[in-house]
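Work through the exercises below with the sequence and the 3D structure at hand. Try each task before reading its solution.

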Amino acid sequence: MAKTAVKKLSNLFVWVILGLLFVALAGFGIGSFSGGASQVGQVGEAEITADDYARALDQEIRARIAQTGQPVTLSTLQAQGVDQAVLQSLVARAALAHEAGAMGLSVGDAEVARQITEIESFQGLDGQFDRESYEFTLRQNGLDTAEFEENVREDTARGLLQLAVIGGLQPNATITDTLVAYQGETRDFSLLTLTEADLPAGLPAPTPADLQAQYDETPERFTRPEARRITYAWITPTLLIDSVPVDEEALRALYEDRAELYRQPERRLLEQLTFLEEADAQAAYDAILAGETTFDALVEERELTLDDIDLGEVARDDLPAATAEAIFADTESEIIGPLDSTFGGAALFRVNAVLDASEVPFDEAREELRAELAAEAARRTIDDLRDPVDDLLASGATLEELAADTEMVLGQIDYTPTSEDGIAGYDAFREAALAVEEGDFPELLELSDGGLFALRLDETVPPALPPLAEIEDEVAQAWRESALRAQLAARGEALVGQLATGAALEDLGRLDREQQVRRQDFIPDAPPTLVAQVFRLSAPGDTVLVPGADRAFIARLDRINPAARDDPGTEILTQIMSQSVGQSMAQDIFEAYGRAVQAEAGISLNQSMINAVHSQFP
């Protein structure tokens, strides 16, 4: 029994370690360092081989490539300090191996064999261990069977040692309860919202001195970012649509093709409840007339929903002739029947709405039809333009010449990543505008609506602060926002002063009540710090002023609600906190244990061998 328990405990760590190891075994382009004899370091009696370090680095590189989809090199890892983290993880493993060896902790050959034969990579098509696959895989990765089996033995021993150190830890109940009480607490509070309308004198207009002060104090707010001055020539269906001729006969032909859209017959919105026998339908109808039941109750008794019986919009031709005649002749009744069902049998019909016949005359539909045909003609025109424009660009024509000789329109823009107007609203243009360099020859590119464009980078415009006269409206808006915030805060402070002298919050304006608010909640249209400020209040009745951009809030704490212990959410939170506390304790203790082992055993690193490993990577 004890032996089985040991195996289960060891598996918890060994499978994780072996899984990582066999990901590493799939490395490419990393040569062997004398069969693993060369060392990059040593902790006590445990060695860190160059092959181990090379495989760990290769694994980290490939993991990051898989995660980002971008090329990753060793220099990238070194710039981020990842190579040191990889080396430290190997030092930590070596420290555990040294300690396990010093304690005489190991596992027998039978356990090593069991671990290896259960690895899927070493199994054949029949699911059984395949010795040839096992030896071939190891040879391909610079390992022999003895070396690999010793690694498995050491990994298993390390796992057992780790379990011995932290396996018996239990989460601290006091810490868990404290965290649950803190996180599960909710609060009720009242909010008085102050807006510009609550300012006694309103917000005055800015004076020239106010504008100048705002301009001088916050120049970074008005400074235009670096821009790319781009000249472009473009053509889109929208630019052509008004000038494209459309044949009148084509318009009328399209109108007739769409007749069912422009000429709608009289319709009914119907629901149909079907019965196998007409007598049953009649009995149901009579019961409705007598007030003994309702149509909805009959639907529910049949275990149906209103969606199940909904027919939607129905015209005469959609119903049996006799049924259509009865329903469309009756303009008063809500329930009609029994009548022939569209599915066979008899049915009761409920009329939910009457839709009168309608017709959109050709003259009213003309503009819509013309826009559709003109858009199609514009796209054909643009398609016909593609080859001539390509030829002109290939012959060295400028964008100005392109606009002069074709239907393309010339334009210019000071482009920044925030530009959105006009052609900058197209993704294709934005990508090209960021990629183009001075001196590049314009090339014809396509827009998402079928349009075409070509561009040229004229210059890079450095950041610049426009003169006040050019941006006076923008500066005025900035002043207004700043002044409004300040005056709302001042008004709020005055009201808080009234509360201190005995006034009630209810006397100062309309209040909004917020209940059962958690620490992580937020109040719509309120500053994001509002809830956090409320949770800093000590006792019911305490108030706090929270200024915002265009409004200020006075919050009064009404009630503190402790976490409900019998609430399912609290139970889940307790489990999460318990696991988190337990994991944190285990991590702290094991890290402290690892540092102590490393300090006692001693660490030595061979920098020249570490550099040799690095040189094997591109």
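The exercises below deal with a single residue, a nonpolar core, aromatic rings and backbone angles.

This is a predicted model, in which local features need pLDDT of at least 70, side-chain atom pairs count only at pLDDT 80 or more, and totals for chains, interfaces and linings use all residues. Residues are numbered from 1 along each chain as its sequence is written, and side-chain values use heavy atoms, with hydrogens and water left out.

**Exercise 1.** Describe the place and the contacts of Asn561.

Step 1. Find the element: Asn561 belongs to strand E16, residues 552-561. Helices (H or I, at least four residues) and strands (E, at least two) are DSSP runs, numbered from the N terminus.

Step 2. Classify the residue. Buried means under 20% relative accessible area, exposed over 50%, and partly exposed in between (1.4 Å probe, protein chains only). Asn561 has 6% relative accessibility, so it counts as buried.

Step 3. List the neighbours. Leaving out residues up to four places away in sequence, Asn561 touches Glu185, Thr186, Arg187, Asp188 and Gln516; contact means heavy atoms within 4.5 Å.

Step 4. Look for polar contacts. Such a contact is a pair of N or O atoms within 3.5 Å; within protein, one must be able to donate a hydrogen and the other to accept it, and residues adjacent in sequence count only if both atoms are side-chain atoms. The side chain of Asn561 has a polar contact of 3.1 Å with the side chain of Asp188, and one of 3.1 Å with the side chain of Arg559.

**Exercise 2.** Which element gives the most residues to the largest nonpolar core?

Step 1. Apply the definition: a nonpolar core is a set of buried Ala, Val, Leu, Ile, Met, Phe, Trp, Tyr and Cys residues joined through side-chain atoms within 4.5 Å.

Step 2. Pick out central members. The largest core has 26 residues, and those touching the most other members are Val40, Ile48, Tyr53, Leu57, Val86, Val613 and Phe617.

Step 3. Assign elements. At least two residues each come from strand E1 (39-43), strand E2 (46-49), helix H2 (50-68), helix H3 (74-79), helix H4 (82-103) and helix H24 (607-615). H4 gives the most, with 8 residues.

**Exercise 3.** Classify two of the 12 aromatic pairs in the structure.

Step 1. Set the limits. Rings of Phe, Tyr and Trp (its six-membered ring) pair if their centres lie within 6.5 Å; planes under 30 degrees apart count as stacked, over 60 as edge-to-face and the rest as tilted.

Step 2. For Phe129 and Tyr134, the centres are 5.4 Å apart and the planes 55° apart, a tilted pair. Phe129 is partly exposed at 28%, whereas Tyr134 is buried at 1%.

Step 3. For Tyr255 and Tyr262, the centres are 5.2 Å apart and the planes at 20°, so this pair is stacked. Tyr255 is buried at 5% relative accessibility, and Tyr262 is buried at 7%.

**Exercise 4.** Where do Glu303 and Asp525 lie, and what is the sign of phi in Glu303 and Asp525?

Step 1. Recall the background: most residues other than glycine have a negative phi, and most peptide bonds are trans.

Step 2. Glu303 lies in the loop between helix H15 (295-301) and helix H16 (306-309). Its phi is positive, near 60°, and Glu303 is exposed at 74%.

Step 3. Asp525 lies in the loop between strand E14 (511-517) and helix H22 (530-534). Phi of Asp525 is positive, about 65°, and Asp525 is exposed at 65%.
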